[in-house]
Amino acid sequence: MVTNFAEETHTKSWFLDARCSNHMTGHKEWLVNFDSSKKSKVKFADDSTLRVEGVSDVVIVRQNGSKDIISNVLFVPEMKCNLLSTGQLIQKGFTAVMGNDQIEVFDADKRLILKSKLAKNRTFQVNFTAAEVQCMSTTETKDEDWLWHSRYGHLNFKSLHQLGSKCMVSRIPIIAVPRKIWEVCVAGKQTRNSFQSQLSTRSKDVLEVVHSDVCGPFKSLSLAGNRYFITFVDEFSRMIWLYVIKLKGEVFEIFQIFKASVERESGKRMKILRTNDEGEFTSNDFENYCQKNGIQHEVTAPYIPQHNGLAERRNRIILNMARSLIKEKDLPQRFWGEAVATSVYILNRCPTRRLEGKVPLEIWTGEKPVVGHLKVFGSLVFIHVPDRKRTKLQDKSKAMIFVVYHPTGAYKLYDPINEKMLLSRDVLVLEHESWDWK
């Protein structure tokens, strides 16, 4: 969408400047993803300097209502005008073309992004509306609330507030409920009205009733080459277990692994398994195994997946959260496997309507979860490289991407350059930063 801009006041206008090394603004109310730790100074042509109080993004709203992000903008409180660095735009893959008393800026796909005519004072002035206080944006007093919102997979703020105010988990502050909703949340989670299950809760203890469903195939292979995931949901605790698989034919083997694991952890025996009528759940081997182990296998009516409502709803919630996780850091779709695994990890530490004052993991384990280790999915991570694994002139740290929590307490990281996974505890996580895929 091409936008032509007219001249306005300097406080709302932006000036394209080829001599400026960074984008700059003095409007704190425009800032999103504000990082106040990155303080510095900027020096001008007359040798004067001004304080830089942090780095942020600015969301701009076009005339048609669409939005774009200006990344890595310096917050300079004493600035009287707003500067767009032509050099910084070019470094990000944009192209600037000047001629005929105007400048045009194109994105990497050769689409015209903005156009400005030469003003009387021989400057290029552009005007657009900056959106104020969105989901990532904040004043410093609210910044931590929005950060926890991202860490918790864009969980609604009412549930976030309950986690802290009702002491449902440890090491989380009491989160305030804001008035506005972030666009990423709406895009990732908007759904149709829910289908109400016709079956009431029957379980009085863990593993009395377990619901299961397979989701897929996904168009994009995951990083590990998978196309499906299978979930098991304990009706009593609402605890979720997720396995990512390549083929539906793996379901029977995965079910055996799941059954052995949860029965060993809980000391209980599974009594009822509820699934749909898909072939992966109705093979002779599957039915014989259930009968041999005293498991009543309930199969829903054909073509009515809503009868397996608990599993269906959980899979929908998992996918909604995974979309938001991927969208926030603009990750490729092949990260869906790690996104759904992280979503389940988070959801087991979230409030549910079925439980009073507790989260699923506490019902399952009997212990209140600690969540102080949660980080924003897809964040840029720097991992320490031991001396024995590098030469004297090589960097002591390496940039990677945080993708999954590991049961040992370590973080599972992805190296986009070598396309490898790595586990580490010794990491520096920059939650406001992400990998530059350009």
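Student: What makes a set of residues in this structure count as the largest nonpolar core, and which residues have the most contacts inside it?

Tutor: In this predicted model, the largest nonpolar core has 52 residues. Such a core is made of buried nonpolar residues joined through side-chain atoms within 4.5 Å, and those with the most contacts inside this one are Y152, L160, L163, I172, F229, I318 and V340. Apart from it lies another core, of 25 residues, which includes F232, M239, I245 and F258.

Student: Which residues is V340 in contact with, leaving aside its neighbours within four places in sequence?

Tutor: With those neighbours set aside, V340 is in contact with F229, L242, V244, I318, L319 and A322.

Student: Why is the pair R151 and E431 called a salt bridge?

Tutor: The side chains of R151 and E431 meet at 2.6 Å, N to O, and the cut-off for a salt bridge is 4 Å, so the pair qualifies. R151 lies in helix 2 (residues 143-151) and E431 in strand 23, so the salt bridge ties together parts that are 280 residues apart in sequence. R151 is buried, and E431 is buried too. The charged end of R151 also sits over the ring of W148, 4.8 Å from its centre.

Student: Where do K259 and E263 lie, and how far apart are they in sequence?

Tutor: Both K259 and E263 lie in helix 5 (residues 251-266), 4 residues apart, which is about one turn of the helix. Their salt bridge has its closest N and O atoms 2.9 Å apart, and K259 and E263 are both buried.

Student: What makes K368 partly exposed, and is E362 buried or exposed?

Tutor: K368 has a relative accessible area of 36%, and since partly exposed covers the range between 20% and 50%, K368 is partly exposed. E362 has a relative accessible area of 12%, and because buried means under 20%, E362 is buried. These two residues form a salt bridge, with the closest N and O atoms 3.7 Å apart. Elsewhere, salt bridges that share partners join R51, E53 and E78 into one network, and a search of the whole structure finds 12 salt bridges.

Student: Why is the pair W146 and F157 described as it is, given the angle of the planes?

Tutor: The ring centres of W146 and F157 are 4.9 Å apart and the planes stand at 70 degrees; planes over 60 degrees apart count as edge-to-face, so this pair is edge-to-face. W146 lies in helix 2 and F157 in helix 3 (residues 157-165), so the pair ties together parts that are 11 residues apart in sequence. W146 and F157 are both buried.

Student: How do you know what to call the pair F252 and F286?

Tutor: The rings of F252 and F286 have their centres 5.8 Å apart and their planes at 50 degrees; this angle falls between the limits of 30 and 60 degrees, so the pair is tilted. The pair links distant parts of the chain, with F252 in helix 5 and F286 in helix 6 (residues 284-292), 34 residues apart. F286 has 0% relative accessibility, and so counts as buried. Ring pairs link F252 and F286 into a cluster that also includes F232, W241 and W364.

Student: Where is D426 found, and which residues is it in contact with beyond its neighbours within four places in sequence?

Tutor: D426 is found in the loop between strand 22 (420-424) and strand 23 (427-434), and, with those neighbours left aside, D426 is in contact with F382, I383 and H384.

Technical notes: Residues numbered from 1 in each chain as written. Predicted model: local features only at pLDDT ≥ 70, side-chain atom pairs only at ≥ 80, totals over all residues. Heavy atoms only, no water. Helix = DSSP H or I, 4+ residues; strand = E, 2+ residues; numbered from the N terminus. Contact = heavy atoms within 4.5 Å. Buried < 20%, exposed > 50% of the residue type's maximum accessible area, 1.4 Å probe, protein only. Phe/Tyr/Trp six-rings, centres within 6.5 Å; stacked < 30°, edge-to-face > 60°. Lys NZ or Arg CZ within 6 Å of the ring centre and 35° of its normal.
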